[in-house]
Amino acid sequence: MGPATRRGTRTPGDNFDGVADRTGRATVTVQVGAEGNGGYYAFEPPAVRVSRGTTVRWAWTGKGGAHDVIARDGRFESERATSDDTTFSRTFETTGTHRYYCTPHRSLGMKGAIVVV
Ligand SMILES: [Cu+2]
């Protein structure tokens, strides 16, 4: 796709309107409390594609108050935390789309997805 479809200052491989491609990596980091949704109420990247067996590590930025990482299907659930030394990791062995949200900011749009291929 051409440059006209890109927005912002994303790194190559990202697609603002789609899913950030992080396939082929053992570990992938998602920021918790990235800027977005009217404050620091976003996951970054919000949607990411990973290979089966990848460990996704959520890392809190320390901004935006308390956040958590809760799977919609109940398969994983972090503690609710504010500190920037907080991390939560999960290894994805099942292909498919795993949707999750932050409980305090779900209504603001603080949601994410891990697409395992
Ligand atoms: Cu939050």
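**Note on an all-strand predicted model**

1. In this predicted model, Val 32 touches Phe 43, Trp 58, Ala 59, Trp 60, Thr 61, His 67 and Val 69, once residues up to four places away in sequence are left out of the count. Val 32 also belongs to the largest nonpolar core, where it is among the residues with the most contacts inside that core.

2. That core comprises 19 residues, and Val 30, Val 48, Val 50, Val 56 and Ile 114 stand alongside Val 32 as those with the most contacts within it. Two or more residues are contributed by each of strand 2 (27-36), strand 3 (39-44), strand 4 (47-50), strand 5 (55-60) and strand 9 (111-116). In soluble globular proteins, nonpolar side chains tend to be buried together.

3. As to the overall make-up, the protein has nine strands and zero helices, and 27% of its 117 residues count as buried. Among contacts with a separation of 6 or more, 61% are made by residues 24 or more positions apart.

4. Five of the strands form an open sheet with mixed pairing, in the order 1-4-9-8-6. Strand 1 (20-21) and strand 6 (70-71) each have a single partner strand and stand at the edges, so that one side of each is left without a neighbour in the sheet.

5. At the strand 6 edge, the pairing with strand 8 (residues 96-101) is antiparallel and consists of two bridges; in strand 8, Tyr 100 is the bridge partner of Ala 71.

Notes:
Residues are numbered from 1 along each chain as its sequence is written. This is a predicted model: local features need pLDDT of at least 70, side-chain atom pairs count only at pLDDT 80 or more; totals for chains, interfaces and linings use all residues. Helices (H or I, at least four residues) and strands (E, at least two) are DSSP runs, numbered from the N terminus. A residue is buried if 20 or more other C-beta atoms lie within 10 Å of its own, exposed if 12 or fewer, and partly exposed in between; C-beta atoms are placed from the backbone. Two residues are in contact if their C-beta atoms, placed from the backbone, lie within 7 Å. A nonpolar core is a set of buried Ala, Val, Leu, Ile, Met, Phe, Trp, Tyr and Cys residues joined through C-beta atoms within 7 Å. Two strands pair if DSSP finds at least two bridges between them.
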